[in-house]
Amino acid sequence: MIAEFGRQVRAEWTKLRTVPGWVFALLVAAVAVIGLGLAPGMSGSCGTRGPGSECKPPIGPGGEMVSDGLYLVAQPLAGDGSITVRVATLTGAIAGEHGKRPGLVPWAKAGLIMKASTTPGSAYAAVMLTGSHGVRMQSDFTGDIAGPSDSPPRWLRLTRNGDRVTGASSADGTTWITIGTVRVAGLPSTAQAGLFVASPDYTATAGGPFGLSGVESGPAQATATFDHLARQGQWTASEWTGTRIGGPGNGGPFEHQDYQRSGDTFTVSGSGDIAPLVTGAAGLGVSITQTLVGTFLGLVAIVVVGALFVTGEYRRGLIRTTIAARPRRGLVLAAKATVVGAVSFVVGVVASAVVLAFGVGVLRSHGVYVLPAGTGIELRLVVGTGLLLALSAILALAVGAILRRSSAAVAGVIVLVTLPYLLAVSVLPLGAAQWVLRFSPAAAFAIQQSATQWAQVDNVYAPAEGYFPLPPAAGLGVLVAWTAGALALATVLLRRRDA
Amino acid sequence: MSEATIEVTGLRKRYGAAVALDGMTFTVRPGQVTGFVGPNGAGKSTTMRVILGLDAADEGRALVGGRPYRALRRPLTRLGSLLDAGALQPSRTARNHLLWLAHSQGIPVRRVDETLEQVGLTGVARRRAGGYSLGMRQRLGIAAALLGEPPALMLDEPFNGMDPEGIVWMRGFLRSLAAEGRAVLVSSHLMGEMQDTADHVVVVGRGRVIADAGVAQLLAGAAGDRITLRTDAIAVADVLQAEGGVATRTGPDTWSVTGLPPQRVIAALGAHGVPFSEVAAHRPSLEEAYLELTHNAVDYRAPGGAR
């Protein structure tokens, strides 16, 4: 059985490599992925307007790129201590095409913070009220713990004990609920502690019948009033210092951020977000997935080879020669799948490795900010692209064996895999796009997602921006299921039908 | 186990309402060329596909060397076959076509070049098979069948598309393969192609065997006692009838005589003074023997066709 399979794999490999058209198509697949990936399809302004125009987002304690824009009213706190305040009101304004209008974005934040320093990207822990996500305890940009879903007025308390910071909230200042305790390794013995207000950009999809055409976004500002401020511990300074950290560039509609104190009441206005950096509408630039934009085109060539690898034999009657030489038909199909899958995998791995190695540089040289990704993610993208092509080739082979017609098989698989992807990243409304990328084999493109989707960052997490509705492995799993199903049906039919 | 290398027993197969095989039974023995003859649609190709396990029969069985073909691990070393010489990927070279077949059976690559040499394709082995003439494709198909040095060969219409030179070559080639002790089954819809090729003939019609006999036996049976007589004398009919024979006019001056040996025909014509230019004992061709045999099958077919 194993010897038979080995011989058949060798025979099928000989078949594949001895048809010049198929070898050419496989090269075309690689060239398509590499060519589209290295073509400067987009441009940006990062670093193209001389020194100072480089896009250099701060790096968070975890090594990831972050947004660190907020207005901070703080004093140094030496060692352990706590700070308590009541958030009396939280309001906001949004800048749109027609000027400012009132409005509070869902992730507007107002509350207490202990931060290593005023340097963007420094470690912190904070407890806050949000626009519409209730009370949260957040730390070091990526940490996010949900508290009660209340709105102002609300009491908040932040307590430091060594490198542990505990957030709590209360409706009346008497009965407290602990939201969570986090370890903030980067917090120095003397930290900046106080009030903060931040407001990420406003983003919304203007949902026309077709397309993401209308992604609406613009700066926003939040304003909070705080009172009943109380402190414990060693507070070394006598005065509060207002500092604007990061946030939107100069000249924006909310450039004038500050705080006012009137007796016991602080009014603080802030703009920007203190959160992980995302790509797309609410963030900056693109992810490294952008370099793999040619995959869909390479996939078309791969699908053609996968389908013709079996339908070509039906067309010429060669399938009878094949089955006469190997009467165990399941073995024939398995060997064909192995060969066409392995070859497509190699094409995908080589092409995506080349594109990732050089494509990021091309984008950056055209002023596009490319969010870096770790080696692990790069590896997953390379192997994943190989798997995406391999599985698609096997799916095409199976559909070819089922339909026994070249044109029908090629068209069918392109409609199943490539078309949903193309529609999802172009004209489909977000909801339809996400639905399509959950159930069609095109879900496997999720394996190429490199940017992280954060619950605590509002963004247009659309396929067009490189965000897929399923996690990478699950998306690939959808294609695996389709391929396995088609292969099973093909095997049954191949055994049952007269050749 | 019998000596037969291919054994077909009671094969039945229907395609919807059409009966393709209706109890097909015959055996193919080693050391001789067996002709598999019948009109188009008689079930020859279907039988061959069933033998190869490509099509499933509704009933009956086909054995190759005593085993079902589907159970063979390296089938090309047991039975070499050529069903359709056109079954080639046109952009693949002839040599690569044989190469993948060799790899599938674990046959050494040297066999590829040997068989190409054997069928006379060495000079064009690295050309695209798509550019081959039908005759060259038949040769390539023979090479593929020979690749595994099988004890049995099965060729469907190998003479199709061959030029006269090719047909002569094919005849000699098939005879030499049989002389090596192989069982060779060759189908054809033209009985004439079997003359001087086959030792044994299986004649089929409408999915069943009509005759299964040695060629010599078949010719003897068909020869009967027919005599061809050349004369323009009308009296021939009466003269020979009086002697107990039957003369049927077959042309302006030709007659066919049955029921009398040539000597008695000559004696009778001489006694009655009937002039004649030629008396010849008829030497039947295989074609005629075949037509005689299938005559009944055709008769039987007429009412059947109206079903």
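Which strands of chain B does helix α8 lie across? Let's start there and work outwards.

## A helix over a sheet in chain B

Helix α8 of chain B, residues 262–271, lies across β10, β12 (254–258) and β13 of that chain. Its direction is about 165 degrees to that of β13(B). Keep in mind that everything here comes from a predicted model.

The sheet underneath is an open one with four strands, in the order β11-β12-β10-β13 (chain B), and the pairing is antiparallel. At its edges you'll find β11 (246–249) and β13 (278–281) of chain B; each has a single partner strand, so one side of each has no neighbour in the sheet. On average, neighbouring strands are turned by 25 degrees against each other, if you ignore direction.

For a closer look, take β10 (residues 227–230) of chain B, which pairs with β13(B) in the antiparallel sense over four bridges. Here B:Leu229 sits opposite B:Val279 in β13(B).

## The nonpolar cores

The largest nonpolar core has 241 residues, and the ones touching the most other members are A:Leu397 and A:Ala444. The top contributor is helix α6 of chain A (residues 375–403), which puts in 18 residues. There is also another core, apart from this one, made of nine residues that include B:Ile227, B:Val236, B:Ala247 and B:Val257.

So what does A:Leu397 touch, leaving aside its neighbours within four places in sequence? Its contacts are A:Gly306, A:Ala307, A:Phe309, A:Val310, A:Lys336, A:Ala337 and A:Val340.

## Where chains A and B meet

On the chain A side, 24 residues are in contact with 29 residues of chain B. The elements of chain A giving two or more residues to this side are α1 (2–17), α2 (20–38), α3 (295–316) and α4 (318–325). The largest share, seven residues, belongs to α1(A). By type, this side of chain A splits into nine nonpolar, seven polar and eight charged residues.

## A look at α1(A)

Helix α1(A) is 16 residues long and spans 22 Å from its first C-alpha to its last, close to the 22 Å expected at 1.5 Å a residue.

Which residues of α1(A) are buried? They are A:Arg7, A:Gln8, A:Val9, A:Ala11, A:Glu12 and A:Lys15. The cover over these buried residues includes pieces from both chains: α5 (329–365) of chain A and α2 (94–105) of chain B.

Definitions and conventions:
Residues are numbered from 1 along each chain as its sequence is written. Chains are lettered from A and ligands numbered from 1 in the order in which they are written. This is a predicted model: local features need pLDDT of at least 70, side-chain atom pairs count only at pLDDT 80 or more; totals for chains, interfaces and linings use all residues. A nonpolar core is a set of buried Ala, Val, Leu, Ile, Met, Phe, Trp, Tyr and Cys residues joined through C-beta atoms within 7 Å. A residue is buried if 20 or more other C-beta atoms lie within 10 Å of its own, exposed if 12 or fewer, and partly exposed in between; C-beta atoms are placed from the backbone. Two residues are in contact if their C-beta atoms, placed from the backbone, lie within 7 Å. Ala, Val, Leu, Ile, Met, Phe, Trp, Tyr, Cys and Pro count as nonpolar, Asp, Glu, Lys and Arg as charged, and the others, Gly among them, as polar. The expected span of a helix is 1.5 Å times one less than its number of residues. Two strands pair if DSSP finds at least two bridges between them. Axes are lines fitted to C-alpha atoms, for helices over the stretch in contact, and angles run from 0 to 180 degrees between N-to-C directions.
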